[in-house]
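User: Hi! Could you walk me through this model, one piece at a time?

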Amino acid sequence: MCGIVGYIGNGEAYPVLIDGLKQLEYRGYDSAGIALVDGNGRLNVYKEKGKVADLEKHIADRDKSGHTGIAHTRWATHGEPGAVNAHPHVSSSGRFALVHNGIIENYAVIRENLKKKGYEFRSATDTEVLVQLIDYIASRDDADTVAVLQCALKEVVGAYAIALVDMEHPDCLYAARKSSPLVIGMKDNDFYLASDVNPIAAYTDRVVYLEDEEIASMHYGDRLRIVNLSNAECSHEVMTVSKNLGRAEKGGFGHYMLKEIFEQPDCIRDCMRGRVDPEAGTVTLSAVRDHRERLLSAGRFIIVACGTSWHAGLIGKQLFEDLCRIPVEVAYASEFRYSNPVIRSTDVVFAISQSGETADTLAAIELARSAGAFVYGICNAVGASIPRATDTGSYIHVGPEIGVASTKAFTGQVTVLAMIALDLAREKHTLDGERHAALVRELAGIPDKMREVLKTDTVIGSLSRIFTYAKNFIYLGRGYSYPVALEGALKLKEISYIHAEGYPAAEMKHGPIALIDEEMPVVIIATRNAMYGKILSNVQEIKARKGKVIAIVTEGDDVISRIADVSVEIPGTAECLDPLLATIPLQLLAYHIAVCKGKDVDRPRNLAKSVTVE
Ligand code: M6R
């Protein structure tokens, strides 16, 4: 939700900034901007509506020199997308330029106060209010920039990650954060600043993660200085990050989303590497091993997450209850945090997040920890806020996910949940030894079966064209397939803007069946498992009302595939692992329908990859 990049050093700032913006574009892409301090001490600010490429084109012939600069790619919260509301925002005096990620909740009150003091506002943003507040305090107090920032940030309520240029000190770059991430990279005399580590990793492997309510000053030729809002010095361990974080490239695919769908067999293999041993029939996760007693003595598990990660959590509930006999509750993090939930110190809370930055999930973690619960994170982004805020955790290790619609992260999350469940089931003896070993072997074989599922791409591509007319879709599944139905519907909504509903198949009769007519495509996960007979009845009910059935069936199925209008065959597997395969055709269906409709698959309207605001 907005990406920030900053640079101060020996080199030219522009290439670092523009390249960084491209890597952070997943965070927001409705406008972008750059501020550069040139060799004559002038501040050049360029902003453009649209994507980073639009900004690049717009300023192709402009002066982009300078060794200090800040840049921003925006996902609008206050004020519509456009050049005026784009960052950087410059204060009325021209002294300060600011980029911001987050929301200043009390911006309206501050703006009114500043208006009374003669400040005028060009944009509708909360960010402009903050830069004007900084300007006002600087003009009022005889204080250095850090003291000015401390004073301003104490006045604001909300979340922020900011980068600031002060034209009275152009040899220094300032940054601060609260509830929104910022990473600082260091190399010789150069400082790099970004919302995540990826834009920095190409230049240096030495980074520091700024903590809440800390202000960093990056003086050219000097050391990094970090203080908190009370001016206490903060020392930070310098972390080493891999220089090969894997620059996001499309690798010959038309879109990141398609590339990420096709990467799933390799990603899931990476996710299981060193953890799943099919020969020995064991799964070993270091977090489970290190906190065995805490996990085994838990009275209950609570899973908190948002969006696709919440869908993975619903599958996690079934895995934990089915395989380990541990009671589980699943909550949307955004509801959990405000619902005055009963949290016991014996509870273990699992927080699932691809980005590791989702504001609601972070808040749910804080709440759980303050109530004494033990928190286990399941994240993808290494070193992000959630893995740092939890007691322990397991990374899903699926590599950077750039497409806004989550695909490989979902299957990675389900894989980690299955591994935890199998590891705990062995410890708890809740599974018969042979069944346990068989499930471990089945899990180890999932990447090969995923490869088989991906062969359905061509057939799904051609059937998608038939369904682009649809205004609505229904997705149905039962048991382990119900969250898959929810996930399939979410994928379609996000990228094709077709309204889609996911339902437990048997719930149809209690209302949604009224929607079925010859115009209504119904995607139904009808793989061979304990529920097959029931699902067959559901398919018949839909056909009896002339609905168009697209069935995901197990290879060799000759019952449902004869009744359905279209069927897509996938390999059979254990029922509890079925979501890892059945999800893929739904990802492909959403992808191809969106492409047929000419939608921007990787950057769907109104969405951002990482939701770091409430
Ligand atoms: O990074 P997170 O997993 O915490 O993100 C949660 C949701 O915002 C995310 O899954 C969202 O629903 C995706 N766009 C779904 O494709």
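**Strand β17 and its neighbours**

Analyst: Happy to! Both faces of β17 are covered: Arg-300, Ile-302 and Val-304 on one side, and Phe-301, Ile-303 and Ala-305 on the other, are all buried. Buried here means under 20% relative accessible area, exposed is over 50%, and partly exposed is in between (1.4 Å probe, protein chains only). Helices (H or I, at least four residues) and strands (E, at least two) are DSSP runs, numbered from the N terminus. Before we go on: this is a predicted model, where local features need pLDDT of at least 70, side-chain atom pairs count only at pLDDT 80 or more, and totals for chains, interfaces and linings use all residues. Residues are numbered from 1 along each chain as its sequence is written, and side-chain values use heavy atoms, with hydrogens and water left out.

User: Why is β17 described as largely enclosed by the rest of the structure?

Analyst: Because six of the six residues of this strand, 300-305, are buried. As background, side chains in a regular strand alternate between the two faces of the sheet.

User: Which strands does β17 join by bridges?

Analyst: β17 runs parallel to β19, with five bridges joining them, and parallel to β18 (residues 328-332), again with five bridges. Two strands pair if DSSP finds at least two bridges between them.

User: Nice. Which residue is the bridge partner of Val-304 in β19? And which are the partners of Ile-302 and Ala-305 in β18?

Analyst: Val-304 has Ala-351 as its bridge partner in β19. In β18, Ile-302 is partnered by Glu-329 and Ala-305 by Tyr-332.

User: What kind of unit do β17, α11 and β18 make?

Analyst: Together they form a right-handed β-α-β unit. Right-handed means that, with the strands pointing away from the viewer, the path from the first strand over the helix to the second runs clockwise.

User: Now the loops. Where is Arg-325, and is it buried or exposed?

Analyst: Arg-325 sits in the loop between α11 and β18. Its relative accessible area is 59%, so Arg-325 is exposed. Arg-325 also has a positive phi of about 55°, although it is not a glycine.

User: What about the phi of Asn-340?

Analyst: That one is near 50°, a positive value in a residue other than glycine. Asn-340 lies in the loop between α12 (333-336) and β19, and it is exposed because its relative accessible area is 72%.

User: Switching to pockets: what is the volume of the second largest one?

Analyst: The second largest pocket has a volume of about 570 Å³. Of the 30 residues lining it, the closest to its centre are Gly-307, Glu-494, Ala-608, Lys-609 and Val-611. On a 1 Å grid over the protein atoms alone, a pocket is an open set of points with protein on both sides within 12 Å along at least five of seven lines; a cavity is a set of points where a 1.4 Å probe fits but cannot get out, and lining residues have an atom within 4 Å of a point. Grid points are joined across faces, edges and corners, and a volume is the space filled by probe spheres set on the points.

User: Which element gives the most to that pocket lining?

Analyst: α19 does, with four residues. At least two residues each come from α11 (307-324), β19 (347-353), α13 (359-370) and α19 (481-496). Domain 2 (251-444) and domain 3 (454-614) each supply at least three residues of the lining; the domain bounds come from an automatic or database domain assignment.

User: And the chemistry of the lining?

Analyst: It divides into twelve nonpolar, eleven polar and seven charged residues. Ala, Val, Leu, Ile, Met, Phe, Trp, Tyr, Cys and Pro count as nonpolar, Asp, Glu, Lys and Arg as charged, and the others, Gly among them, as polar.

User: How many cavities of 30 Å³ or more are there?

Analyst: Four, by the rule above. The largest cavity has a volume of about 70 Å³, and its lining includes Cys-2, Trp-75, His-87 and Asp-126. β6 provides the largest share of that lining, three residues. The lining has two nonpolar, eight polar and two charged residues.

User: Which residue does a cis peptide bond join to His-87?

Analyst: Pro-88, with omega about 0°. Pro-88 is found in the loop between β4 (68-74) and β5 (89-90).
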